Amino acid sequence: MISILFSVVFAEMATITTLVFNNPLRKVVIIGLDQLKRGRAPLVAKTVAVTLFIVFGALLYSVMQIQKRVMESGIVNSTDEVLVAERLLEASLMGFSLFLATMTDRLHYYIKEIHQLRKMLKRSKQDHEKE
């Protein structure tokens, strides 16, 4: 599970980097994101995000239960330490993945808005020059 989450985080970071800097892949990524936002894809994305958020909450609850057990017994068990570390790593990767997905969505939206505003400005300048 952790390797999959690392792959998702690195893919999202690459997408954000591509969107932030003006490069040849930026247009391809924007077209790809446009295609992803059509049809049923937004519903699927929201479903996956909610599922990740619920699993994120369950992992945090599991960590709290282990911490509670440790406080009650007063003895730190090495198995509990490993479990807490693994759960916290999974939870942090899930939270970071959700954050990066939100960032990607907002960057795509803002880039599309800027592109449309530049088109409108260019048209208005052309209309103004004709008059």
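**Notebook: four helices, and four residues looked up**

I began with Q116, which at 43% relative accessibility counts as partly exposed, and I noted that this residue lies in helix 4. The model I am reading is a predicted one, and I keep that in mind for each entry below.

*Entry on Q116 and K37.* I looked up how far Q116 is from K37, and found that the two are 79 residues apart in sequence and 17 Å apart in space, taken from C-alpha to C-alpha.

*Entry on the overall fold.* I then stepped back to the whole chain, where I counted four helices and zero strands, so that the pattern along the sequence reads α-α-α-α. For the overall form, I looked up the radius of gyration, which is 22 Å for the protein, whereas a compact globule of 131 residues would have one near 14 Å. The box filled by the C-alpha atoms, taken along the principal axes, is roughly 85 × 25 × 20 Å. I also noted that buried residues make up 21% of the 131 residues.

*Entry on contacts and surface.* Of the contacts between residues at least 6 apart in sequence, 78% join residues that are at least 24 apart. The protein exposes about 9900 Å², and carbon and sulfur atoms supply 66% of that area. Turning to charge, I found 17 positive and 12 negative side chains, with the centres of the two sets lying 10 Å apart.

*Entry on E12.* Is E12 buried or exposed? I found a relative accessible area of 15% for E12, which means that it is buried, since the cut-off for that word is under 20%. E12 lies in helix 1, and, leaving out residues up to four places away in sequence, it touches F96, S97, L100, A101 and T104. I looked at one of these partners more carefully, because E12 and S97 are 85 residues apart along the chain and yet their C-alpha atoms are separated by 7.5 Å.

*Entry on S97.* I placed S97 in helix 4, which covers residues 78-130. S97 is buried, with a relative accessible area of 4%. Which residues does S97 touch, not counting residues up to four places away in sequence? I wrote down V8, V9, E12 and L52, so E12 appears in the list for S97 just as S97 appears in the list for E12.

*Entry on T18.* I went back to helix 1, which spans residues 2-20 and holds T18. T18 counts as buried at 13% relative accessibility, and I asked myself which backbone oxygen the side chain of T18 reaches. The side chain reaches the backbone oxygen of A14, at 2.8 Å. Not counting residues up to four places away in sequence, T18 touches N23, L25, R26 and V29.

*Entry to close.* Setting the residues side by side, I have T18 as buried, E12 as buried and S97 as buried, whereas Q116 is partly exposed.

Note on methods. Residues numbered from 1 in each chain as written. Predicted model: local features only at pLDDT ≥ 70, side-chain atom pairs only at ≥ 80, totals over all residues. Heavy atoms only, no water. Helix = DSSP H or I, 4+ residues; strand = E, 2+ residues; numbered from the N terminus. Buried < 20%, exposed > 50% of the residue type's maximum accessible area, 1.4 Å probe, protein only. Polar contact = N/O pair within 3.5 Å; in protein donor to acceptor, adjacent residues only side chain to side chain. Contact = heavy atoms within 4.5 Å. Rg over C-alpha atoms; globule rule 2.2 N^0.38 Å. Areas by Shrake-Rupley, 256 points an atom, 1.4 Å probe, with all protein chains shown as cover. Lys, Arg positive; Asp, Glu negative; His and termini not counted. Charge placed at Lys NZ, Arg CZ, Asp CG, Glu CD.
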